[in-house]
Amino acid sequence: MRELFAGMPWWVKWVAVPLIAIVVFGGLIASVVGFVIGLLFKALVFVVLVGGLIFVVRKFTASSSRSDW
């Protein structure tokens, strides 16, 4: 394989082959990237919701413990 690419011009190695790979595997690459971005977004929403829940619970427990005194 290395000998095959050694005789090719630079534009075949660095332009044509990556373009062919993007055309052939473009849908797969786009779906994987979309899945990863969706997963990161869901993880971010989860962290924000859990942080908000912890904040609200601490605020209410702190205010209720002060009123007991």
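**Exercises on a two-helix chain**

Let's start with Trp10, which sits in helix α2 (residues 10-68); helices (H or I, at least four residues) and strands (E, at least two) are DSSP runs, numbered from the N terminus. The model is predicted, so local features need pLDDT of at least 70 and side-chain atom pairs count only at pLDDT 80 or more, while totals for chains, interfaces and linings use all residues. Residues are numbered from 1 along each chain as its sequence is written, and side-chain values use heavy atoms, leaving out hydrogens and water.

**Exercise 1.** Decide whether Trp10 is buried or exposed.

*Solution.* Begin with the cut-offs: buried means under 20% relative accessible area, exposed over 50%, and partly exposed in between (1.4 Å probe, protein chains only). Next, take the value for Trp10, which is 59%. Trp10 therefore counts as exposed.

**Exercise 2.** Find the helix that holds Ala6, then classify its exposure.

*Solution.* Ala6 belongs to helix α1 (residues 2-6). Its relative accessible area is 57%, so Ala6 is exposed.

**Exercise 3.** Work out how the protein chain compares with a compact globule.

*Solution.* First, count the elements: the protein chain has 2 helices and 0 strands. Then compare radii of gyration, taken over C-alpha atoms, with a globule rule of 2.2 Å times the number of residues to the power 0.38. For 69 residues the rule gives 11 Å, but the protein chain has 27 Å, well over that, so it is more spread out than a compact globule. Finally, look at the C-alpha trace, which spans about 85 × 20 × 15 Å along its principal axes.

**Exercise 4.** Give the distance in space between Trp10 and Leu40.

*Solution.* These residues are 30 apart in sequence and, C-alpha to C-alpha, 37 Å apart in space.
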